[in-house]
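User: I am new to this structure and would like to go through it by question and answer. Please show it first.

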Amino acid sequence: MALSSELKKQLKNRFSDRVRFDEPMAHHTAFRVGGPADVFITVTEEIELIYLMQWVKENNLAYYILGGGTNLLVQDQGIRGVVIYMAKALAKISHYGEIILSAMAGASLSTLCRFAIHHGLSGMNFALGIPGTVGGAIRMNAGAWKGEISDVLESIRVLRPDGSIESMDKKSLIFTYRSVSSRSGSSVAENNKDLSSSVILEGRFLLSQQRPEVLQAEADEMLKARKKSQPAGLASAGCFFKNPDNSESAGKLIDLAGCKGLRVGNAAVSEKHANFIINQGQASAEDILRLMHKVQETVLRKFNIMLEPEVKIVGN
Ligand SMILES: Cc1cc2nc3c(=O)[nH]c(=O)nc-3n(C[C@H](O)[C@H](O)[C@H](O)COP(=O)(O)OP(=O)(O)OC[C@H]3O[C@@H](n4cnc5c(N)ncnc54)[C@H](O)[C@@H]3O)c2cc1C
């Protein structure tokens with residue numbers, strides 16, 4: 001999409017050097033792949049987000065909310081429209097009453113976990129070591145070690161595409177495996193409430209009290225186990241496929257199907273954890289997608305199970 005010079009000027013005036021054009025998404029994803037986003041804006045205040053949502057609507061442009069980019073496979077042609085980058089800013093974490101923490105969407109999930117330990121609050125340790133932001137973790141209902149965000153989330157505050165802000169408590173949300181949606185219907189008014197087009201601004205978490213040293217000991221164990229089972233320091237998006245219902249884990253199926261070490265170009269199935277696809281250097285999104293299809297076909301042939309990607313495939 002060629003953005004007119006007038007529209008570019010409007011964005012420059014408002015966001016100065018926080019707006020970039022044709023920004024390589026490979027710089028903003030844990031997979032380190034992805035072509036250019038037409039427009040890439042780092043937002044630092046809620047008021048800017050409200051302006052931006054109205055601006056994209058008025059100009060009939062598409063938008064995409066980016067957290068830490070740790071669960072994304074952005075395709076090689078990149079993203080048409082405006083990428084709204086939430087990480088790093090909008091990151092305040094606060095303690096309410098005795099057992100409630102509130103975190104802005106741009107806060108790092110690991111920072112929230114460490115904050116909880118420091119304040120003697122139990123419940124967040126499952127999420128230690130999951131990279132990315134609080135907003136991304138809520139959107140993905142991120143989880144590990146049999147815990148997930150829905151276990152501790154009490155409410156969220158969201159910005160709707162029409163610029164309105166709304167609080168939603170847990171009862172109005174439907175959590176499923178690596179996803180959350182709102183209990184809304186199909187009318188136009190209700191579509192505006194569709195969570196997939198809204199920006200999560202903040203989450204409130206209901207925890208319980210525990211001594212920080214007990215929490216820290218548990219955290220150390222969990223991080224050790226994660227380090228042992230997952231390839232560290234390599235470009236990936238974590239587990240690539242969802243675990244299928246009523247079956248072995250996706251990693252086990254991929255391993256049993258003999259796919260460990262399988263490669264396409266510079267993308268490879270990890271030898272350490274079969275559900276991790278690794279970018280070994282200059283892999284393209286196309287390499288990763290072709291490898292994904294190879295793994296899916298092999299597992300389907302062997303076990304008659306079609307693995308679904310957990311990673312979000314974005315752009316074109
Ligand atoms: C090494 C590694 C290990 C991982 N381990 C785990 C694990 O154990 N468990 C697990 O569940 N995941 C894991 N992941 C995947 C990933 O870290 C999580 O899904 C994480 O919660 C994504 O957060 P993010 O901020 O990076 O979101 P992104 O990847 O940026 O985005 C993910 C989705 O959330 C949406 N989104 C992001 N922010 C917002 C917002 N503020 N409002 C609305 N929508 C938003 C995006 O549009 C996108 O649809 C791992 C990834 C890596 C690289």
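User: By class, how many nonpolar, polar and charged residues does the shell around the ligand have?

Analyst: This is a predicted model, in which local features need pLDDT of at least 70, side-chain atom pairs count only at pLDDT 80 or more, and totals for chains, interfaces and linings use all residues. Residues are numbered from 1 along each chain as its sequence is written, and side-chain values use heavy atoms, with hydrogens and water left out. Ala, Val, Leu, Ile, Met, Phe, Trp, Tyr, Cys and Pro count as nonpolar, Asp, Glu, Lys and Arg as charged, and the others, Gly among them, as polar. On that basis the shell around the ligand has 15 nonpolar, 14 polar and four charged residues.

User: Which element gives the most residues to the shell around the ligand?

Analyst: The ligand is surrounded by 33 residues, where a residue is near a molecule if one of its heavy atoms lies within 4 Å of it. Helices (H or I, at least four residues) and strands (E, at least two) are DSSP runs, numbered from the N terminus. With five residues, the element that gives the most to this shell is α4.

User: How far is an oxygen atom of the ligand from an N or O atom in the side chain of Thr 70?

Analyst: A polar contact to the ligand is a pair of N or O atoms within 3.5 Å; within protein, one must be able to donate a hydrogen and the other to accept it, and residues adjacent in sequence count only if both atoms are side-chain atoms. A backbone N or O atom of Gly 68 lies 2.8 Å from a ligand oxygen atom, and the side chain of Arg 226 places an N or O atom 2.8 Å from one. For the side chain of Thr 70, the distance is 2.6 Å.

User: Which element gives the most residues to the largest nonpolar core?

Analyst: A nonpolar core is a set of buried (under 20% relative accessible area) Ala, Val, Leu, Ile, Met, Phe, Trp, Tyr and Cys residues joined through side-chain atoms within 4.5 Å. The largest has 35 residues, and Leu 109 and Phe 205 are among those with the most contacts inside it. The element that gives the most to this core, with five residues, is α3.

User: Is Asn 304 buried or exposed?

Analyst: Asn 304 lies in the loop between α9 (285–303) and β20 (312–314). Its phi is positive, about 55°, although it is not a glycine. Exposed means over 50% relative accessible area, and partly exposed lies between 20% and 50% (1.4 Å probe, protein chains only). Because its relative accessible area is 68%, Asn 304 is exposed.
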